[in-house]
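Work through the exercises below with the model open. Try each task before reading its solution.

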Amino acid sequence: MSRIHTSGKNVNSRFIKALKKIALVLIALLLVMAVAVVGTFEFLKYQGKKSALPDVKQNSNYVEIIEYNGKRYKYNENIFSVAFLGVDREEFLSADETDFVGASDAMMVITVDVKTGDARVIALPRDIMVQMDTFVDGSDEIRREEEHQLYLAYSYGDGGELSCQNAVDAISRVLYNVTIQKYYALDLSGIAALNDAIGGVVLKSKYDFPQYDIKTGDVVTLKGDMAESYVRSRDTDTITASLDRLDRQVQYVESFVSQITPAVLVDFSKVSQLYNIGSEYSQTNLSASDAAYLASLLISKGTFNFETYTIDGEMKGYDDETLDDTVHAAFYPDEESVMQTVLDVFYTRIG
C-alpha cells in the first residue's frame, strides 16, 4: 500500500488560499449588507420626500397674503410642520378603556423649510386660552367653540387619532390657522428610553431636584427617570409654574438635538433607531420615512440647530373648588407676539 506524503509547505499554501476565499466571501457579504442598509435609508428618504412635500400645500384655511405693520408677507408653501405633544399618561388608552385619556402637558410646533433646510420651533404655553372642539354633555359627540386651556384639547377625543387631531386643530387656531401636517404624541414616560438611547443628556439645571441631589445651576447628565422628572415637574402652587417648565422643556429639546446630531452624522441609522424606540411610547402620523427624509434634509443643508420662538402674554390665576391646593392658571397671548411669530416662521416677506 502506497502512502501519500504532503509537505507542510503545500498544506500551508492550501490553507492560506482557503482563508483568502473566506475573507473574500465575508467582504462580499459585508458589502451586500452595507448596500442594503444604505439602500433602505435612501428608500426611506425618497418615500419621506414623496409623503411630506404634497402635504405642505394641502390646507386652505390660512391667509395666503398678509399685510401687517405696513409690510406684505406671503405664505411659505415650503414649510413642513410637526406638532409635538407630550401626553401625561403612563400608557395610551382609548376612551373605551378610561374616563380620562390624558392631556398634552408639553406642546411644540417644529417646522422645516424643505427648500432651505431652516428649522424652527414654536414653544406653546399649555395654559394658552383657545377655542376648541369639546364633547356635548353626556355623549361622545364633539362640538366646536368652547374656550379652554390648550392642553385640554387632547382630552376631548378617543385617546388616539381623534385626540391628536383635536390638539393639532387647536394649536393651528392659536397660530392663525397655519398648516400643521403631522403630529407626534409621546407618552412622557418614553422620554427616559429616548434619553438613555443617546447616553443621557447633559445640561445646566434650571430647577432644584432634591430627590436627585440636583440644584439650580448644576451641570448634570440626565439619565433614566431624571430626564422625565426634568421635563415634567412643576410647582402646583405657583402661577408661572407651567411657563417655567416650558422653559426647561425647550432647553432639554435643544440639548437633546445638539447631542444626537454628531451621532447621526456618523451613523444615519440612529434616526431609525430612535424612531423605533419611540414607537413603543408614541402615536403619530409621522412615518419612519418622513423622519428619515427630514433628518437627511437637515444634514444636507448643514442645519445643526434651530431657532426657538416663544409667545408673550399674560398669565392669570383663577379659583377652582375641585382642587383647592392647586393654583389654576390661564394664559392670554399677546396678539402681536403671536402674529409676529407666525409671520417669522410660516411666511416670507414680499414687500
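**Exercise 1: A bridge between two strands**

In β5, leucine 124 is the bridge partner of methionine 107. The model is predicted: local features need pLDDT of at least 70, side-chain atom pairs count only at pLDDT 80 or more, and totals for chains, interfaces and linings use all residues. Residues are numbered from 1 along each chain as its sequence is written, and side-chain values use heavy atoms, with hydrogens and water left out.

Task: find how many bridges join β4 to β5, and in which sense the two strands run.

Solution.
- Locate the strands: β4 spans residues 104-113 and β5 spans residues 119-124. Strands are DSSP runs of E, at least two residues; helices are runs of H or I, at least four; both are numbered from the N terminus.
- Count the bridges: 6 join β4 to β5. Two strands pair if DSSP finds at least two bridges between them.
- Read the direction: β4 and β5 run antiparallel.

**Exercise 2: The sheet**

Task: state the strand order of the open sheet of 6 strands, then explain why β11 and β12 each leave one side without a neighbour.

Solution.
- The order is β11-β8-β3-β4-β5-β12, with mixed pairing.
- β11 (282-284) and β12 (307-310) stand at the edges. Each has a single partner strand, so one side of each lacks a neighbour in the sheet.
- Neighbouring strands here are turned by 20 degrees against each other on average, direction ignored.

**Exercise 3: Strand β3**

Task: is β3 largely enclosed or left open by the rest of the structure? Then trace its pairings.

Solution.
- Check burial: 9 of the 9 residues of β3 are buried, so β3 is largely enclosed. Buried means under 20% relative accessible area (1.4 Å probe, protein chains only).
- Split the faces: one side has Ile79, Ser81, Ala83, Leu85 and Val87, and the other has Phe80, Val82, Phe84 and Gly86.
- Pair with β4: the sense is antiparallel, over 9 bridges. Valine 82 has isoleucine 110 of β4 as its bridge partner.
- Pair with β8: 6 bridges, parallel. Valine 87 stands opposite aspartate 187 in β8.

**Exercise 4: A helix across the sheet**

Task: which strands does helix α7 lie across, and at about what angle does it run to β4?

Solution.
- α7 covers residues 288-300 and lies across β3 (79-87), β4, β5 and β8 (182-187).
- Its angle to β4 is about 55 degrees. Axes are lines fitted to C-alpha atoms, for helices over the stretch in contact (heavy atoms within 4.5 Å). Angles run from 0 to 180 degrees between N-to-C directions.

Conventions:
Buried means under 20% relative accessible area, exposed over 50%, partly exposed in between (1.4 Å probe, protein chains only).
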